[in-house]
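Visitor: Hey, can you walk me through this one? I'm new to this, so keep it simple.
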Amino acid sequence: MKRKESENQDKLLHHLLDGANIEPEASLSEGLDADRLTLYRESLKDLENHEERVPDGFASRVMAALPDKPRHTWGDKLKSFWPERRFWAVPAISGALAMLMIMAGITLFRSTPNTLLIPVVLDLYAPSAKQVELVGTFSNWMPKAFRLKGPDATGYWAIAVKLPPGRYEYAFMINGSQIVPDDDGEGLRPDGFGHENSLLLLKKDEWPFDQRYQFTAGEYLTIPGNEPKGQMFYPSNRNRELWQALLDRGIAAGVQKQTIENLLSHLASANMSPDEARNMLEPLFQDFQAGHPTRDIFLKIHECILKRALPETLKAIAERRHEAFKNARAMLVQTGYSTSMNTYPALVNATAFALESGQDPAFLRVILSAGKGKSSEQITAVIEAGEILYYAGLEPEILKAIMEDCLRRGLKGLQVERVTEQVQESIRKGTDHRTIRNKLWI
Amino acid sequence: MHPTDTVLIEKCVNGERDAFALIVERYQHRIYFMSLTRMRDRYEAEDLAQETFIQAYRKLETYDPQRSFKNWLFTICANLGKNRLRSRARRREVHNPNPQNSPAQPRGPEHCRIDLMRALHNIPEKLRVPLFLKHVEGFSYKEISSILKIGTSAAKMRVKRGRDQLVENLSEQKQPRLVNQGNSGNEAKRI
């Protein structure tokens, strides 16, 4: 009991040092030692006020050592790479090997469509866990695909992954059973089962730095294909024909055999009857055939299976998402985004997720109308930000005003992300929502 | 009115090399402090700070003006520092199997400077740098996680532990001095 009290005090202390807006009386009533807080504040003040000055003449020495032009010329690059006297064979052999590997890589992965991958580090504090896995939309919610390494000396489990730009939902699975979201993700989103998933929004221009400084090869696990290895579907004797018919129907609709086999084997293992499965999947097959985005609906089904949802819950959740996608498409057509939704599917996804989250359709219509003339990327980023801030509890009126501000100012993806972070931070600090907006654009 | 970083960088990219001098002037002390925090040696820190500016200049064309230049510069410094510490560790393995870090010797005579830098340098490197980035440079946890390539929760935990250690180190340094003063002045009191 005492230990817990001390942990709470510690948490409150660091919360205050992070700049949280908590009344002094409230902190004292929590039992926080005022002397301790003062000691920490004074020590950190010393550090914050401390200055280190560079030795005299530093700037001129730097300027003298600069190359003529900012960019490395090819000659410079080769020169810096090549040893001056001995060991000339090292770069020569390395070069030949690298060439060989590049050629082999080109041959092996010629069909890989996407090349841009963004590095992300995800971690979880779980000192007593025996195993932590990462599950999410990037791996079709399949367990055992991505295991975190850890725990390190501080009790953290971590995984470094590279993902293509996009919107992801994920969670951590502890010891193969307990599923917890990442509290430090970009946002939390209800999963429909009374829990939450973490959101990860990766923009195309997320990582502009030269990666040479950032990572070493092999440090990151790459998840480019999004399709885990499928499992063969062997329908049991009971209802064999019905399951087989459903499998054939899916293949005829154009869904990849591996995907549909995977899905059906999971639905069968979740004790869903073939009739129920057909009722649920038929509208999806029709949408798939019509070329509408259905991937996220299939993903939701996979998530339901991982979280062991009952067949009726699974069906209700999948139908809800399907409905959200249908309404999103209709709304985009009504507001004049027919062309954009075909050329930029992320806009449909963002609108559908916003509708699924329970945001008022009239509100979204206003935002879509305000976004007329803006690029699809911009409007998508604003709708995504709106969803995150809606979950963060921002008042609808202020949320609408901030989203409209972003559109009016023509903010791009990363700039919108910065606004989202700042608003989230202010909400956490307990700032009045109107003040948040007023201070946002100063 | 001072030109913004973006304006200066544009000038540099367009061939106005002298514009970079203003950037160096603007960030030299901060990058040096960051280097010193990482390396704990004034000569190595100066070297690292210099290399940071040179690399930044070479890579200016890859800098995205939508991003904060400060973050970009500190990321370069953090990565170069990491590489240096790695190579220093390798060199030590070969030449000196029992390394003793020599924290930077402060040049000023003030006690507070001595205490603070000694206390800071006695914190493990993994906690020291996030603490510096948070409390000296005012970066957010997300920015720290991006600069150091660690998760946000790890950044928070490291800053928290860094604070605890800083306060502990400062208290330890103050304690013996006060006791000594007390002995000489017949007012021996514990704090």
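Visitor: Which residues does Leu134(A) touch, not counting residues up to four places away in sequence?
Guide: Leu134(A) touches Leu122(A), Phe146(A), Leu148(A), Ile159(A), Tyr170(A) and Phe172(A). Two residues are in contact if their C-beta atoms, placed from the backbone, lie within 7 Å.
Guide: Some ground rules before we go on. This is a predicted model, where local features need pLDDT of at least 70 and side-chain atom pairs count only at pLDDT 80 or more, while totals for chains, interfaces and linings use all residues. Residues are numbered from 1 along each chain as its sequence is written, and chains are lettered from A and ligands numbered from 1 in the order in which they are written.
Visitor: Okay, what about chain B? How many helices and strands does it have?
Guide: Chain B has 8 helices and 0 strands. Those are DSSP runs, numbered from the N terminus: helices are H or I with at least four residues, strands are E with at least two.
Visitor: And how much of chain B is buried?
Guide: Of its 191 residues, 40% count as buried. A residue is buried if 20 or more other C-beta atoms lie within 10 Å of its own, exposed if 12 or fewer, and partly exposed in between.
Visitor: Got an example? Why does His121(B) count as buried?
Guide: Because His121(B) has 20 C-beta neighbours inside 10 Å. His121(B) sits in helix α5 of chain B, and its C-alpha is 9.0 Å from that of Leu36(B), 85 residues apart along the chain.
Visitor: Switching topic: how many residues does each chain put into the contact?
Guide: Chain B gives 48 residues and chain A gives 44. On the chain B side, α1, α2, α3, α4, α5 and α8 each supply at least two residues. By class, that side has 25 nonpolar, 11 polar and 12 charged residues. Nonpolar here covers Ala, Val, Leu, Ile, Met, Phe, Trp, Tyr, Cys and Pro; charged is Asp, Glu, Lys and Arg; the others, Gly among them, are polar.
Visitor: Back to chain A. What do the buried residues of α8(A) pack against?
Guide: They pack against α7, α9 and α10 of chain A. Among the buried ones in α8(A) are Ile260(A), Leu263(A) and His266(A).
Visitor: Anything going on just after α8(A)? What does Asn271(A) do there?
Guide: Asn271(A) takes a positive phi of about 65 degrees.
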